[in-house]
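Hi everyone, thanks for coming. I'll take a few minutes to walk you through one fold, so have a look at the screen first.

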Amino acid sequence: MENKPNYRKLLQYLLFAVAVLWIALASQTWSDQAAGVRAVKDRHPIADLVMPQIDGSSWRLSDHRGQVVLINYWASWCAPCRQETPGLIDLARDYRYKGLSIVGVSMDEGGKRAVESFMNEFHMPYPVLMPNLTSPSVPAVEALPTTVLVDRNGLAAKSYIGAVRESVFRADVDRLLAEAATSSPASPYTSHTAPASPTPRSD
């Protein structure tokens, strides 16, 4: 006797698959920001960030003059940060010798353990800073992740709020790497004691 298909079970499997797909898509909270940086005339200098790295050494933004710098503010408990981090890791590896410097700034309040666990999980190849979050020199970040892209001359070319697709970062980094650094010896950085608050968005 021919077995009839169990349509009820097939429907259950189909509904389960749709539910799984919906959950997966809902968890992808990508920012809607498109590629494109500010015109040079609209860029502004930011504070010369000086923060301790997780290993205790110091990191200074002005040491990277002549490079494009991507400063990524994140936390180990932040789901969109986890979503964004693999793309940043790929960028760091692909642009390592092309003039891009990436640095992560942990906004965790619970000490090193959670941060080190996150770093080990993702095998982050770029430095991670752990500033004193009560210090006035730490920028006021409205949401995580927040990222600031700095051009070769130390000017803020763009800021991002939310998880950004790797393709958007790549397009913006390529645009800045194609620009020449000025030969002027004057530093654009303001005093490192002044906060460098990221601009919420730029179109």
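Let's start with a small one: which residue in S6 does Val105 stand opposite? Leu129 is the one. Before I go on, keep in mind that this is a predicted model.

So, where does that pair sit? Val105 belongs to strand S5, residues 100-106, and S6 is the short strand at 128-129. Those two strands are parallel, paired over two bridges. To get from one to the other you go by helix H3, residues 112-122, and S5, H3 and S6 make up a β-α-β unit that is right-handed.

Now look at the other neighbour of S5. Strand S4, residues 68-74, also runs parallel to S5, and seven bridges join the two. If you want to find them on the screen, try Val69, whose bridge partner in S5 is Ser101, or Asn72, which has Gly104 in S5 as its partner. The chain goes from S4 through H2 to S5, and this β-α-β crossover is right-handed as well.

Okay, is S5 mostly covered or mostly open? It's mostly covered, with seven of its seven residues buried. You can check it face by face: on one side you have Leu100, Ile102, Gly104 and Ser106, on the other Ser101, Val103 and Val105, and all of them are buried.

Let's zoom out to the whole sheet. It's an open sheet of six strands, and the order across it is S1-S8-S7-S4-S5-S6. The pairing is mixed. At the edges you find S1, residues 44-45, and S6, each pairing on one side only.

What packs on this sheet? Helix H4 does, and it touches S4, S5, S7 and S8. Compare directions, and H4 makes about 175° with S8.

H4 has a helix partner too. H2, residues 79-94, packs with H4, residues 166-177, at an angle of about 35°, and their axes are 9 Å apart. The crossing is right-handed. Who meets whom there? From H2 it's Glu84, Gly87, Leu88, Asp90, Leu91 and Asp94, and from H4 it's Glu166, Phe169 and Arg170. Sort the residues of that contact by type and you get three nonpolar, one polar and five charged.

So if you take one route home, take this: from S4 through H2 to S5, then by way of H3 to S6, at an edge of the sheet. That's it from me, happy to hear your questions!

Methods: Residues numbered from 1 in each chain as written. Predicted model: local features only at pLDDT ≥ 70, side-chain atom pairs only at ≥ 80, totals over all residues. Heavy atoms only, no water. Axes fitted to C-alpha atoms, helices over the stretch in contact; angles between N-to-C directions. Helix = DSSP H or I, 4+ residues; strand = E, 2+ residues; numbered from the N terminus. Left-handed = near helix turned anticlockwise from the far one by under 90°. Contact = heavy atoms within 4.5 Å. Nonpolar A, V, L, I, M, F, W, Y, C, P; charged D, E, K, R; others polar. Buried < 20%, exposed > 50% of the residue type's maximum accessible area, 1.4 Å probe, protein only. Pairing = 2+ DSSP bridges. Right-handed = clockwise from strand over helix to strand, strands pointing away.
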